[in-house]
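Work through the exercises below with the sequence and the model open side by side. Each task is followed by its solution in steps.

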Amino acid sequence: MFGRRPGATAQKSPAARPAGPAPVLAEVAAPVFQDGRRAEAPPSLAREAPAATENARSDEYYRTKSMIFGALIEAIDLTQLARLEPDAAREEIRDIVIEIIGLKNVVMSIAEQEELLDDICNDVLGYGPLEPLLARDDIADVMVNGANRTYIEVGGKIQLTGVRFRDNQQLMNICQRIVSQVGRRVDESSPICDARLPDGSRVNVIAPPLAIDGPALTIRKFKKDKLTLDQLVRFGSISPEGAKILQIIGRVRCNVVVSGGTGSGKTTLLNCLTRYIDDDERIITCEDAAELQLQQPHVVRLETRPPNLEGQGSITMRDLIKNCLRMRPERIIVGEVRGPEAFDLLQAMNTGHDGSMGTLHANSPRECLGRIESMISMGGYNLPSKTLREMISGSIDVVVQAARLRDGSRRITHITEVMGMEGDVIITQDLFVYDIVGEDPNGKLIGRHRSTGIGRPRFWERARYYGEDRALAAALDAAEVRTEEKA
C-alpha cells in the first residue's frame, strides 16, 4: 500500500504485508484496551477527574503524541504518501497510527483515540492544531503568540483558545509550510513574511529573533461564502438605500477609496463593490498578498515579491501599478495603499482608468485624504501641498468609511463625496452617515444610518451617462424618507 516504508509496520492486507521485520516498532503488540482495565495500562491519555491536573494531562498528551508521531514518520514513505489524494492519504495515516497505538501498548478511550488521529493527520497533511480553527467559518482572525497561546476573534471579540503546539519548532514548521506554498520563506535571515492560504486568507508571520517568545502567526480568515451588500444590509452594516448607492457607485465607474481601521472590513467591502463591475471590463488587481476574489471573467491578479537571500529581485507595489498601466486595464484595484504607490494610483485614476478602487488605513474620510497626501510626500515627491490636494480632489470621487465599533460590530459610517478645492482645502460632502444613539442592556451599540439630504451628488451626471440616474434619484429619495421617519 502507498505511503508505508518497506518493513515499517504490519498491513491489514496480507498481500501488502512487508517481508522483513519492523525495525522501528520493536514493541510487543498489545490490544488497545487490555480487558478494559485502564489502571494497568502503560502510557495513557486517560483524563483524570481533578481540574488541577489539566496541565499534567496536556503534557502527557503531547509526550504520547510525539512518541507516536515519531514512529509514524519512521514507518511511512512521505514521497509515496504525497502521491495520494488527501482523503486516501488521511485514511492511510489513520490505519498506521492505529497499529502503532497497539504496538506501543497505549491505552485510551475511543474519543481520545479519534482526537489523536485527527491531530496527527493534521500535522502531516495540513496545518496541525490550526486545522479546527480554519474549518470554523465564524472565526475572523487567528492569532498565535508562540506555541502555548492562541487567540481567535469571533463576533468582533478576541478570546483565548485551548489550542497549543507541541513546541515552537512545530509552530515554525507550520509557518514555513504556509509561506512556501506561495513561494516565500521565513527563517532567521528573513523573519518577517506576508503570505496567504489557498482560500485567500491573509497570513503574517514574524519569527525569532524578532519575536522573542516564539513565532507569531496572524491569519485574517475569509468566509467560505463571500459576503454581498445584501448580506451587509441584513447584518445592519449599511441601510438598504446606502447599499443601493454603493451599487450605483460601482457601476458608474466612480474612483473609490475604502477607508477604515484594522479589522473594520475594508477588504470585504471592496470585494462587495467589485461585484458590480461589468463582466466585459478588463480588471487588474495589485496586492501584497493576493486576497481579493473578483467574480468577473476578465481579471489579471498581480502580487508583489520580497527580495531574495541576496536582497535582490524585490517587486514593489509601485512596480506593479506602473506595469499594469501598460497592460490596457479598464479598472485598477489596489488591495491596500500603504506608501508612495498612492501617487501612481492617483495618476492611473487621472489617465482614463475610471472606476479604480483601493483601500487605505484611516479613521475618517478627512483623515483618509490627509494620509494620501502624507504618503505621497514621504515618497520623495517635492510637490507643493496645493498641487497634491488638487491631484487628490481631481482623482478620487468617493470615500467609503468602514469602522469596527467597540461592541465588535462593523458598520459603514460614511459615504462621502470629494467635491473639489476651495482655496487650499479639499471640500467633501457626506451622502450617508451612521449615528450612534445609545446602547442596549447587553452592551450592543444602537445606531442608525441616515441620509444627509443631498439632492444631487457630484457624480449625478456620471450616473445619467450610464443610465443610473433614475435609480440614484429613487435611492436618495427613499433614504431621505427613511431618515425623516426615524427622526
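The exercises cover two sheets, one helix packing, a buried charge, the cysteines and some backbone details of this predicted model.

**Exercise 1. In what order do the strands of the 9-stranded open sheet lie, and which strands stand at its edges?**

Step 1. Reading across the sheet, the order is 9-8-10-11-7-12-13-14-15, and the pairing is mixed.
Step 2. Strand 9 (299–303) and strand 15 (445–451) each have a single partner strand, so one side of each lacks a neighbour in the sheet.
Step 3. Neighbouring strands here are turned by 25° against each other on average, direction ignored.
Step 4. At one edge, strand 8 (residues 283–287) pairs with strand 9 in the parallel sense, over 5 bridges. Within strand 9, Glu303 is the bridge partner of Glu287.

**Exercise 2. Find the strands that helix 12 lies across.**

Step 1. Locate helix 12 at residues 365–378.
Step 2. The strands it lies across are strand 7 (256–260), strand 11 (357–361), strand 12 (398–404), strand 13 (410–422) and strand 14 (425–439).
Step 3. Relative to strand 14, helix 12 runs at about 135°.

**Exercise 3. Describe the 6-stranded open sheet and the pairing at its strand 3 edge.**

Step 1. The strand order is 3-2-1-6-5-4, with antiparallel pairing.
Step 2. Strand 3 (157–160) and strand 4 (192–196) are the edge strands; each has a single partner strand, so one side of each is left without a neighbour in the sheet.
Step 3. From one strand to the next, the twist averages 15°.
Step 4. Strand 2 (residues 150–154) joins strand 3 through 4 bridges in the antiparallel sense. Tyr151 stands opposite Leu160 of strand 3.

**Exercise 4. Which side chain of opposite charge is nearest to Asp469, and how far away is it?**

Step 1. Place Asp469 in helix 15 (residues 469–486).
Step 2. Asp469 is buried and has no salt bridge.
Step 3. The nearest side chain of opposite charge is Arg464, 4.0 Å away.
Step 4. Leaving out residues up to four places away in sequence, Asp469 touches Trp460, Ala463 and Arg464.

**Exercise 5. How many disulfides does the model contain?**

Step 1. The cut-off for a disulfide is a pair of cysteine sulfur atoms within 2.5 Å.
Step 2. For Cys175, the closest cysteine sulfur belongs to Cys193 and lies 9.4 Å away, too far for a bond.
Step 3. The count is 0 disulfides.
Step 4. As for solvent access, Cys175 is buried at 0% relative accessible area, and Cys254 is also buried at 0%.

**Exercise 6. Compare Arg253 and Arg328: is each buried or exposed?**

Step 1. Arg253 is in the loop between helix 8 (240–251) and strand 7, while Arg328 is in the loop between helix 10 and strand 10 (331–334).
Step 2. Most residues other than glycine have a negative phi. Arg253 has a positive phi, near 65°, and Arg328 has a positive phi of about 55°.
Step 3. Arg253 counts as buried, at 11% relative accessibility, whereas Arg328 counts as exposed, at 57%.

**Exercise 7. Where is the cis peptide bond that ends at Pro209?**

Step 1. Most peptide bonds are trans.
Step 2. The bond from Pro208 to Pro209 is cis, with omega near 10°.
Step 3. Pro209 is in the loop between strand 5 (202–206) and strand 6 (216–220).

Terms used: Residues are numbered from 1 along each chain as its sequence is written. This is a predicted model: local features need pLDDT of at least 70, side-chain atom pairs count only at pLDDT 80 or more; totals for chains, interfaces and linings use all residues. Side-chain values use heavy atoms; hydrogens and water are left out. Two strands pair if DSSP finds at least two bridges between them. Helices (H or I, at least four residues) and strands (E, at least two) are DSSP runs, numbered from the N terminus. Axes are lines fitted to C-alpha atoms, for helices over the stretch in contact, and angles run from 0 to 180 degrees between N-to-C directions. Contact means heavy atoms within 4.5 Å. Buried means under 20% relative accessible area, exposed over 50%, partly exposed in between (1.4 Å probe, protein chains only). Lys and Arg count as positive and Asp and Glu as negative; His and the chain ends are not counted.
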